[in-house]
Amino acid sequence: MNEEGLARNVDLASLDSLVSQYSRQKWALIPLLQRIQDEFGYIPPQSIPIISRGLRLFPSQVQGVISFYAQLYTQPRGKKVVRVCRGTACHVRGGKTILKLVKQHLGLEEGETSSDLEYTLETVACIGVCALAPNITVAERVYGHMNPKKVEQLFKDYKGGGAA
Ligand code: FES
């Protein structure tokens, strides 16, 4: 599902309470954004005016910092982020097929999140374990030497609650 179609209720009272802990502390913008992301899984757009008022910053300053850091997300993300490696070592050992199969199993394209907010699919330049190529990670856990059978089994396990 396209991320624009995802909706998640944001507890504004909890957001206000977080922001109030950093009242008028402009230096605290990044730690505050990280805490908001930890709490909600992303930076809800409606938090930007609340943050800017609380820290006495312009909304454009808050937005600018969020846009600068790739690890700050403005869209809801799945509980499990699936990353498929597109690096050379993985590519030459069938990474393209693995990506195609993962997309089929999740019903997602790159950058998309499932409507139940369980999965987000991403690709990365290198996971850092090229010797195990082709690789994917699910919820930060590395799965190496992937092949079509292993992909099928992995998602069967995850969807059945067998993999953790
Ligand atoms: S290229 Fe895939 S892990 Fe390095």
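Where does E140 lie? E140 is found in the loop between strand 3 and strand 4, and we will come back to this loop in one of the views below. Please keep in mind throughout that this is a predicted model.

**Figure 1. The whole chain, with its seven helices and four strands.** Let us start with an overview. Following the sequence from start to end, the elements come in the order α-α-α-α-β-α-α-β-β-β-α. The C-alpha trace spans about 55 × 30 × 25 Å along its principal axes. The protein chain has 164 residues, and 43% of them count as buried. Among contacts with a separation of 6 or more, 63% are between residues 24 or more positions apart. The accessible surface comes to about 9,200 Å², and carbon and sulfur atoms account for 52% of that surface. As for charge, there are 20 positive and 15 negative side chains, with the centres of the two sets 5 Å apart.

**Figure 2. Confidence along the chain, with a mean pLDDT of 91.** A pLDDT of 70 or more is reached by 92% of the residues. Residues 1-5 are a stretch to read with care: pLDDT stays under 50 there. For these residues the model has 13 contacts beyond four places in sequence.

**Figure 3. Helix 3, a mostly covered helix.** Helix 3 runs over residues 47-55, and seven of its nine residues are buried. The buried ones are S47, I48, I50, I51, S52, G54 and L55. What lies over them? The cover for these buried residues includes helix 1 (12-20), helix 2 (29-40) and helix 4. Just after helix 3 comes R56, which has a positive phi of about 60 degrees.

**Figure 4. T74 and its surroundings in the loop between helix 4 and strand 1.** T74 is partly exposed, because its relative accessibility is 35%. Leaving aside residues up to four places away in sequence, T74 touches Y42, I43, P45 and I66. L106 offers a point of reference: T74 and L106 are 32 residues apart in sequence, and their C-alpha atoms are 22 Å apart in space.

**Figure 5. The salt bridge between K79 and E118, at 2.7 Å from N to O.** The two partners come from distant parts of the chain, 39 residues apart. K79 sits in the loop between helix 4 (59-68) and strand 1 (80-85), while E118 belongs to the loop between helix 6 (95-106) and strand 2 (119-124). Is each partner buried or exposed? K79 counts as exposed because its relative accessibility is 65%. E118 has a relative accessible area of 19%, so E118 is buried. In total, the model has eight salt bridges.

**Figure 6. The salt bridge between E140 and R83, at 3.3 Å from N to O.** Here we return to the residue of the opening question. This pair also links distant parts of the chain, with E140 in the loop between strand 3 (136-138) and strand 4 (141-143), and R83 in strand 1, 57 residues apart. E140 is exposed, because its relative accessibility is 61%. R83 counts as buried, because its relative accessibility is 16%. Through salt bridges that share partners, R77, R83, E122 and E140 are joined into one network.

**Figure 7. K103 and E110, whose side chains meet in a salt bridge.** The N to O distance in this pair is 3.6 Å. E110 is partly exposed, because its relative accessible area is 32%.

**Figure 8. Backbone features at P134, E140 and H145.** What kind of peptide bond joins A133 and P134? The bond is cis, with omega about 0 degrees, and P134 lies in the loop between strand 2 and strand 3. E140 has a positive phi, near 70 degrees, in a residue other than glycine. H145 is not a glycine either, yet its phi is positive, at about 50 degrees. H145 has its place in the loop between strand 4 and helix 7 (148-159). With a relative accessibility of 45%, H145 counts as partly exposed.

How values were computed:
Residues are numbered from 1 along each chain as its sequence is written. This is a predicted model: local features need pLDDT of at least 70, side-chain atom pairs count only at pLDDT 80 or more; totals for chains, interfaces and linings use all residues. Side-chain values use heavy atoms; hydrogens and water are left out. A salt bridge is a side-chain nitrogen of Lys or Arg within 4 Å of a carboxyl oxygen of Asp or Glu. Helices (H or I, at least four residues) and strands (E, at least two) are DSSP runs, numbered from the N terminus. Buried means under 20% relative accessible area, exposed over 50%, partly exposed in between (1.4 Å probe, protein chains only). Contact means heavy atoms within 4.5 Å. Accessible areas come from the Shrake-Rupley method with a 1.4 Å probe; for residues, only the protein chains shown count as cover. Lys and Arg count as positive and Asp and Glu as negative; His and the chain ends are not counted. The place of a charge is taken as NZ of Lys, CZ of Arg, CG of Asp or CD of Glu. pLDDT is the predictor's confidence in each residue, from 0 to 100.
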